[in-house]
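The following exercises concern the sequence and structure shown below. Each task is followed by a solution that proceeds step by step.

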Amino acid sequence: MSGWIGALFLRELRLSVRVGGGALIGVLFFLAVITVIPFGVGPDLNLLALIGPAVLWIGALLATLLGLDRLFQADRDDGSLDLMLMAGRPLELLVLVKCAAHWLGTGLPLVLAAPVLSIFLNLEPLAVGALTLTLLAGTPALTLIGAIGAALTVSLRRGGLLLAVLVIPFSIPVLIFGVSAAGAVTREPAPFLTPFLFLCALSLIALVVGPVASALALRFSSD
Amino acid sequence: MDCLLIEVRRACDAEKTRVVGRLVRFPKPFRIAMRLVADTLACDRGGRRVFSDLSLSLASGHALVVRGPNGVGKSSLLRVIAGLVQPAAGQLAVENGLPEHSVGEHCHYFGHQDALKPAMTVLENLTFWTRFVQPAPLPGEPASVTPEAALDHLGILHTAHLPAAYLSAGQRRRLSLARLMVTLRPIWLLDEPTSALDSASEATLTGLMRDHLAAGGMILAATHQDLDLPDVASLRLERAA
């Protein structure tokens, strides 16, 4: 039972870190976005600290979207997806394993890079901790919601743009609660825990809805 | 019914394809024979009817070669049986197969695409499919083959630790073929199996197909080549006038 899950997870992870894989693309894009912000906004340290959590969250959202279009399309292009559909494994679980490996390859590097990049935006240590925690809780939701878009656009050439248009509206709640939790630490009266728990709830909902909806879309995509 | 029966009904209305087949009789060599049964299948691709009213029944140990001009629906038939295209009408079943498993989950599909990842080594590619694809039993209960033995049999063991990107077209094809050896499944759906293979590899493929039939497997092959197999019947798809 667990043999195939391990095999799939290892394969996805290998593919993401090897030549042509997308593991580094996301984090490099994240780096590029965050480093240009201080140059664009100007050297107002208070302003940077104020918009910092939002900028980091938007950067993480865009960086996550960047690699998602190949999540299923790479397998469709070389015929692997056909064989996966015939393999006799639960498709929902297959999607979940692929998302987990994708998050480990592209989402987790963003979380780890965020504290370093926070320095560019003059965040306080406490705010850095809160931001990292919210990204850790929220980026899985972005990957899982994005997987639905990736499954829906799997048969489209250059479906990346459509993917972004489909996924961004559903990512907005994650962004709202993520930013409000991350920013709450510096703005004293605002609570941290309430938006953070909402963020965790969104991730848990995405954990259920994402694989089921993606599997449904993949079943109809095969033709 | 101890025969391989290809039952053919002609599509009567102005559909694109009609099916012409023949009846062949063979003894049934297996105690518990499996049987792939398709009943009045129809397939639509892109809003057009490709074939309709196609019925066939293929028993353990038999092969069926699907022939016909390009674009007549040979690949579509294989993809319908594989479960990759939903049939517009008709039923598909595997008798004496695994219960609660679809027909596609009894099949190996060997199509035009090799399903190989260039960034992974030959052995990593094959080991993944070995562990990932769920096997289904064959009546003859043959022993399964390790990935290394399969590569050795196909003459590409020396490339085992090379990234698949460096393989030639024929070697990619052979690696893809190795997938059929490492996981046992009763039905092989082969779409142009001999393309890009040299004559030696073709002979190896024929040997594999013979072994598979001897173990109680079934083969459906869409090809223009003649296959040197015992117990082979042919199904010809033709364009309706």
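**Exercise 1: Chain B and the core**

Chain B has the pattern β-β-β-β-α-β-β-α-α-α-β-α-β-β when read along the sequence. The model is predicted, so local features need pLDDT of at least 70 and side-chain atom pairs count only at pLDDT 80 or more, while totals for chains, interfaces and linings use all residues. Residues are numbered from 1 along each chain as its sequence is written, and chains are lettered from A and ligands numbered from 1 in the order in which they are written.

Task: State how many helices and strands chain B contains, and which residues touch the most other members of the largest nonpolar core.

Solution. Step one: chain B holds five helices and nine strands; helices (H or I, at least four residues) and strands (E, at least two) are DSSP runs, numbered from the N terminus.

Step two: of the 241 residues in chain B, 46% are buried. A residue is buried if 20 or more other C-beta atoms lie within 10 Å of its own, exposed if 12 or fewer, and partly exposed in between, with C-beta atoms placed from the backbone.

Step three: the largest nonpolar core has 130 residues, and Ile81(B) and Leu189(B) touch the most other members. Such a core is a set of buried Ala, Val, Leu, Ile, Met, Phe, Trp, Tyr and Cys residues joined through C-beta atoms within 7 Å. Its largest share, 15 residues, is supplied by helix 7 of chain A.

Step four: neighbours within four places in sequence aside, the contacts of Ile81(B) are Ala38(B), Leu92(B), Val103(B), Cys107(B), Leu189(B) and Leu220(B). Two residues are in contact if their C-beta atoms, placed from the backbone, lie within 7 Å.

**Exercise 2: A helix pair in chain A**

Task: Determine how helix 3 and helix 6 of chain A cross, and which residues make the contact.

Solution. Step one: the axes of helix 3 and helix 6 of chain A come within 11 Å and cross at roughly 155 degrees. Axes are lines fitted to C-alpha atoms, for helices over the stretch in contact, and angles run from 0 to 180 degrees between N-to-C directions.

Step two: helix 3 of chain A is therefore roughly antiparallel to helix 6 of chain A, the term for angles over 145 degrees.

Step three: on the side of helix 3 of chain A, the contact is made by Gly52(A), Leu56(A), Ala60(A), Ala63(A), Thr64(A) and Gly67(A). Helix 6 of chain A contributes Thr106(A), Gly107(A), Leu110(A), Ala114(A), Leu117(A) and Ser118(A).

Step four: these residues divide into six nonpolar, six polar and no charged. Ala, Val, Leu, Ile, Met, Phe, Trp, Tyr, Cys and Pro count as nonpolar, Asp, Glu, Lys and Arg as charged, and the others, Gly among them, as polar.

**Exercise 3: Helix 4 and the chain contact**

Task: Identify the buried residues of helix 4 of chain A, and which helix gives the largest share of the side of chain A that touches chain B.

Solution. Step one: in helix 4 (residues 70-77) of chain A, Arg70(A), Leu71(A), Phe72(A), Gln73(A) and Asp75(A) are buried.

Step two: their cover includes helix 3 (45-68), helix 5, helix 6 (91-118), helix 7 (125-152) and helix 9 (193-221) of chain A. Just after helix 4 of chain A, Gly79(A) has a positive phi of about 90 degrees.

Step three: the contact between the chains takes 23 residues from chain A and 22 residues from chain B. On the chain A side, helix 1 (2-17) and helix 5 (80-86) each supply at least two residues, and helix 1 of chain A gives the largest share, seven residues.

Terms used: Angles under 35 degrees count as roughly parallel, over 145 as roughly antiparallel, 65 to 115 as roughly perpendicular and the rest as oblique.
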